[in-house]
Amino acid sequence: GVECVLFNEEYLTCTWGSRETLTANYSLYYWYENRSPVVECKHYLQDQGISIGCRLNQSEIIQFQPFHVLVNASLGGRTLEIPSERMQLQDLVKPEAPVNLTIRNMSSNQLQLTWTSPYPKAQCLEHAVKYRSNKDTSWTEHQVKGDVFSLPSVDYEKYYTFYVRSKINSYCGSTQLWSEWSVPVVWGSNSTSKGTAEEQLHWFWIHTVFIPIASCLLLLVLVVLLVRMERVWVILMPRIPNPSKNFDELFITHNGNFQEWAGVPKDVVESFKPNYSENICYVSELPPKESYEPLWESSNHPPSVMPGALAAPREHSPYKNSYVG
């Protein structure tokens with residue numbers, strides 16, 4: 001059989017197999033009832049030289065008109081015709097997946113999910129939203145008429161993943177062809193960002209590409225400045241001052257005379273010199289009484305001691321003479 005799908009009302013494809021199952025030469029013819037003659041396909045879909053389908057551009061599509069397709073299969077001089085059933089193209093529309101998914105906090109525990117659809121007739125769409133948290137084991141799915149979905153209760157300790165898909169509603173067609181699921185959007189405590197998938201991708205590039213490159217360039221500039229500019233070295237690593245040059249005059253010119261080097265007046269220097277003198281006082285120790293005889297016992301007069309003279313001790317005395325100056 002032949003399967004036809006109208007993608008987002010932009011182009012129509014009719015396929016009848018794959019290269020693995022087809023061996024003959026195929027050609028497709030189509031027409032609308034009471035409107036046009038039979039026309040052969042102008043744009044075949046091929047897989048390694050074998051025709052597996054046909055594509056009709058938007059200018060060749062007429063909705064709300066009965067549509068017919070005939071496929072001829074030629075093999076070994078024989079031709080087999082494969083007719084299709086009568087079709088309505090408005091019942092074969094498959095919309096493109098929704099985009100720009102956005103999550104907003106409406107209250108302390110309520111979220112609002114919005115999106116847009118590339119399909120040109122938004123009033124002809126209905127949508128399905130599926131979501132789950134990181135603690136859930138299965139998906140929850142809801143049918144939505146408009147392009148807004150509210151989740152009344154969320155747990156801020158979890159993070160949630162949302163998907164949206166679309167299909168034509170019963171007012172514009174009779175089809176079960178859903179679009180593909182959208183790019184997911186994530187919200188919660190462990191999500192990298194809150195908002196559209198494009199925002200998440202934007203922040204990913206900033207954190208993983210832009211910031212490391214900018215940091216490396218800044219570090220390179222600082223290294224060049226440190227190497228090329230001596231002033232930067234002086235500011236960042238000041239030299240330790242050497243005070244020895246300031247004392248050259250003290251030791252070379254004044255021979256270490258601090259008073260002259262400091263300019264202290266001589267009268268002030270003289271005032272600090274001592275202006276008194278002390279006399280020497282001589283002190284001696286006498287041996288014990290049993291080791292000597294007083295000289296004045298025989299003469300009845302004590303001996304006179306001359307200044308500067310010391311009494312000589314006897315050889316057996318353990319004491320020595322000393323003086324204090």
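Rings of Phe, Tyr and Trp (its six-membered ring) count as a pair if their centres lie within 6.5 Å. Planes under 30 degrees apart make the pair stacked, and planes over 60 make it edge-to-face. Keep that handy for the first exercise, and remember throughout that this is a predicted model.

**Exercise 1. Sort the aromatic pairs**

Find how many aromatic pairs there are, then classify Phe7 with Tyr11 and Trp139 with Tyr163.

*Solution.*
- Step 1: the count. The ring rule gives nine aromatic pairs.
- Step 2: Phe7 and Tyr11. Their ring centres sit 5.3 Å apart with 25° between the planes, and the pair is stacked. On exposure, Phe7 has a relative accessible area of 25%, so it goes down as partly exposed. Tyr11 is also partly exposed, at 23%.
- Step 3: Trp139 and Tyr163. Here the centres are 5.5 Å apart and the planes meet at 75°, which makes the pair edge-to-face. This contact links distant parts of the chain: Trp139 is in the loop between β13 and β14, while Tyr163 is in strand β16 (residues 159-168), 24 residues apart.
- Step 4: a cluster. Tyr30, Tyr32 and Phe67 belong to one aromatic cluster.

**Exercise 2. Put charges over rings**

Work out which ring lies under Lys130 and which lies under Arg165.

*Solution.*
- Step 1: Lys130. It lies over the face of Trp139, 4.9 Å from the ring centre. That Trp139 is partly exposed, with 34% relative accessibility.
- Step 2: Arg165. It lies over the face of Trp178, at 4.5 Å from the ring centre.

**Exercise 3. Trace the hairpin and the open sheet**

Describe how β13 connects and pairs with β14, then lay out the five-stranded open sheet.

*Solution.*
- Step 1: the hairpin. Strand β13 (residues 125-133) and strand β14 (residues 140-144) run antiparallel and share five bridges. Six residues carry the chain from β13 to β14 in this hairpin. To check the register, look at Ala128: its bridge partner in β14 is Gln143.
- Step 2: the sheet order. Read across, the open sheet goes β5-β6-β2-β1-β10, and its pairing is mixed.
- Step 3: the edges. β5 (44-47) and β10 (93-94) each have a single partner strand, so one side of each has no neighbour in the sheet.
- Step 4: inside the sheet. β1 (residues 3-7) pairs with β2 (residues 11-15) in the antiparallel sense, over five bridges. Cys4 has Cys14 as its bridge partner in β2.

**Exercise 4. Map the disulfides**

Find how many disulfides the structure has, and say for each where its cysteines sit and which hand it takes.

*Solution.*
- Step 1: the count. Searching the whole structure turns up three disulfides.
- Step 2: Cys4 and Cys14. Their sulfur atoms are 2.0 Å apart. A torsion of 115° about the S-S bond goes with a right-handed link. The bond runs from strand β1 to strand β2, joining residues 10 apart. Cys4 is buried at 5% relative accessibility, and Cys14 is buried at 1%.
- Step 3: Cys41 and Cys54. Sulfur to sulfur, this one is 1.9 Å. The link is right-handed, with 100° about the S-S bond. Cys41 sits in the loop between β4 (39-40) and β5, and Cys54 in strand β6 (residues 50-57), 13 residues apart. Both Cys41 and Cys54 are buried.
- Step 4: Cys124 and Cys172. The sulfur atoms are 2.0 Å apart. The torsion about the S-S bond is about -70°, so this disulfide is left-handed. Cys124 lies in the loop between β12 (111-116) and β13, and Cys172 in the loop between β16 and β17 (185-188), so the bond ties together parts 48 residues apart in sequence. Cys124 is buried, at 7%.
- Step 5: the pattern. Count the bonded cysteines along the chain and you get 1-2, 3-4, 5-6.

**Exercise 5. Compare two positive phi values**

Asn8 and Asn100 both have a positive phi; say where each one sits and whether each is buried or partly exposed.

*Solution.*
- Step 1: the background. Most residues other than glycine have a negative phi.
- Step 2: Asn8. Phi is near 55°. Asn8 is in the loop between β1 and β2, and at 3% relative accessible area it is buried.
- Step 3: Asn100. Phi is near 55° here too. Asn100, though, is in strand β11 (residues 99-105), and its 41% relative accessibility makes it partly exposed.

Terms used
Residues are numbered from 1 along each chain as its sequence is written. This is a predicted model: local features need pLDDT of at least 70, side-chain atom pairs count only at pLDDT 80 or more; totals for chains, interfaces and linings use all residues. Side-chain values use heavy atoms; hydrogens and water are left out. Two strands pair if DSSP finds at least two bridges between them. Helices (H or I, at least four residues) and strands (E, at least two) are DSSP runs, numbered from the N terminus. Buried means under 20% relative accessible area, exposed over 50%, partly exposed in between (1.4 Å probe, protein chains only). A charge sits over a ring if NZ of Lys or CZ of Arg is within 6 Å of the ring centre and within 35 degrees of the ring normal. A disulfide is a pair of cysteine sulfur atoms within 2.5 Å.
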